[in-house]
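Colleague: I am new to this structure and would like to understand its empty spaces; could we go through them step by step, with the reasoning behind each term?

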Amino acid sequence: MARKAMGESGVKGARRPEVRLPALEPYREGPLEPDGDYDSLEFREEDLTGQDGGGARFMDCALRGCVLDETRLRHARLLDSVLTAPRGVGTDLAEATLRDVELVDARLGGAQLHGAVLERVLIRGGKIDYLNLRKAKLRDVVFEGCVLVEADFGGARLERVEFVDSVLKGADLSGVTLTDVDLRGAAELEIARGVERLAGAVISPAQLLDLAPVLAAELGVRVEAGP
């Protein structure tokens, strides 16, 4: 029914990832290596604090309960993989590629994904503070049941992106380009900047009322009670 409703509104729904992991081998190779190649491995409760996996490729991998404090994964490629309950501050995934990835119950702060490419990604549950997605490209991405606090989408391109039962607090949409972005399912929608960039998104009537003060301020309209 949900897909039918999206079609009727003219919004194309996001394609979700279909991750089917093969039999996995436990990861026992020590610290991450830049440009490393990790295939069909399970990282279980590994402390990857401060390690450098820049440019590495993770294919058919599962990272479960790993600590990612200041972990450097710039330019890394995460493909057909699942990250469950990762936690950390300052994880660097700038200009990384995430394709057919599930990110579940994350507890992250200040994660850097500026310039990253996300395609067929499901972010479900958890809480991410100060997520940096500036100039990132998101296509077929679903935020489901998660909390995003002061996420920065500045200059990003979002196509077929859905927010389902998710909370957006203080989102920055400055300079974004939106195509088939469905915000109707957001449990809370608070836009700090860039409300004028909502063209290409669909919101509910209730959300329109909630955003009315911000829209009025953007248009320079004064709203006052009559005499």
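Colleague: How much space lies in the largest pocket?

Modeller: The model is a predicted one, and in it about 180 Å³ of space lies in the largest pocket.

Colleague: What makes Val117, Lys137 and Thr179 lining residues of the largest pocket?

Modeller: A residue counts as lining when it has an atom within 4 Å of a point of the space, and Val117, Lys137 and Thr179 are therefore among the residues that line the largest pocket. The elements that give two or more residues to this lining are β9 (117–129), β10 (137–144), β12 (157–164) and β14 (177–182).

Colleague: How do you know which classes the lining of the largest pocket holds?

Modeller: Glu, Lys and Arg count as charged, so Glu119, Lys137, Arg139, Arg157 and Glu159 belong to that class; the lining has four nonpolar, two polar and five charged residues.

Colleague: Why is the space of about 200 Å³ called a cavity?

Modeller: The space of about 200 Å³ is called a cavity because a 1.4 Å probe fits there but cannot get out. Of its 19 lining residues, Leu93, Leu98, Leu103, Leu108 and Leu113 lie nearest its centre, while β8 (97–109) gives the most to the lining, with four residues. By class, 18 of the lining residues are nonpolar, one is polar and none is charged.

Colleague: What makes the lining of the second largest cavity nonpolar?

Modeller: Phe, Leu, Val and Ile count as nonpolar, and residues such as Phe153, Leu158, Val181 and Ile191 line this cavity, so the lining has eleven nonpolar, no polar and no charged residues. The volume of the second largest cavity is about 80 Å³.

Key. Residues numbered from 1 in each chain as written. Predicted model: local features only at pLDDT ≥ 70, side-chain atom pairs only at ≥ 80, totals over all residues. Heavy atoms only, no water. 1 Å grid on protein atoms, 1.4 Å probe; cavity = no way out; pocket = protein on both sides within 12 Å on 5 of 7 lines; lining within 4 Å. Points joined across faces, edges and corners; volume = space filled by probe spheres on them.
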